[in-house]
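Please find below a colleague's note on this model, set out as numbered points to be read beside the coordinates.

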Amino acid sequence: DGPYTVFAPTDEAFAQLPPGTVEALLNDKAKLTQVLTYHVVPGRLDAKAVTGMSTLPTVEGSNLPVSSISIAAPDIETSNGIIHVVDEVLIPQS
């Protein structure tokens, strides 16, 4: 239901992944779910709030180091939260 803050990678970000990464994720539902939910933070946080934090807890269960994330398009309002377009695919550290 939300609200959620979503860090949505650009198509270019996916294209920068090593060859075979997207296909491997599509064939491993558990890993794909882990990566996707790592891009989602509970609550509605605009770009100003995000840039003032060093980490945020994700739906996946890890802390996302937001201080190193480059937001290409901030504050896209949705009915259940906010989206920030980012220049990289965020991969949780295992």
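The points below go from the whole chain to its strands and then to two local backbone features.

1. On provenance and layout: this is a predicted model, and every remark that follows should be read as a remark on a prediction. The chain holds four helices and six strands, and, read from the N terminus, its elements follow the order β-α-α-α-β-α-β-β-β-β. The radius of gyration is 13 Å, close to the 12 Å that the globule rule gives for 94 residues, so the chain is as compact as a globular protein of that length.

2. On overall extent and packing: the C-alpha trace spans about 35 × 25 × 25 Å along its principal axes. Of the 94 residues, 30% count as buried, and among the contacts with a separation of 6 or more, 57% are between residues that lie 24 or more positions apart.

3. On surface and charge: the chain exposes about 5600 Å², of which carbon and sulfur atoms supply 55%. There are 4 positive and 11 negative charges, and the mean positions of these two sets are 7 Å apart.

4. On strand β6, which comprises residues 81-86: which strands does β6 pair with, and in which direction do they run? Strand β1 (residues 4-9) runs parallel to β6 and is joined to it by six bridges, with Pro9 of β1 having Val86 as its bridge partner in β6. Strand β5 (residues 71-78) runs antiparallel to β6 and is joined to it by five bridges, one of the pairs being Ile76 with Ile83 of β6. The connection from β5 to β6 is a hairpin through two residues. Strand β6 is also mostly covered, since five of its six residues are buried.

5. On the peptide bond ahead of β1: Gly2 and Pro3 are joined by a cis peptide bond, with omega at about 10 degrees. Pro3 belongs to the segment before β1, the strand that runs parallel to β6.

6. On Asp75: this residue lies in strand β5, and its phi is near 55 degrees, which is a positive value in a residue other than glycine. Is Asp75 buried, partly exposed or exposed? Its relative accessibility is 33%, and because buried means under 20% and exposed means over 50%, Asp75 counts as partly exposed. The strand that holds Asp75 is the one that a hairpin joins to β6.

Notes. Residues numbered from 1 in each chain as written. Predicted model: local features only at pLDDT ≥ 70, side-chain atom pairs only at ≥ 80, totals over all residues. Heavy atoms only, no water. Rg over C-alpha atoms; globule rule 2.2 N^0.38 Å. Buried < 20%, exposed > 50% of the residue type's maximum accessible area, 1.4 Å probe, protein only. Contact = heavy atoms within 4.5 Å. Areas by Shrake-Rupley, 256 points an atom, 1.4 Å probe, with all protein chains shown as cover. Lys, Arg positive; Asp, Glu negative; His and termini not counted. Charge placed at Lys NZ, Arg CZ, Asp CG, Glu CD. Pairing = 2+ DSSP bridges.
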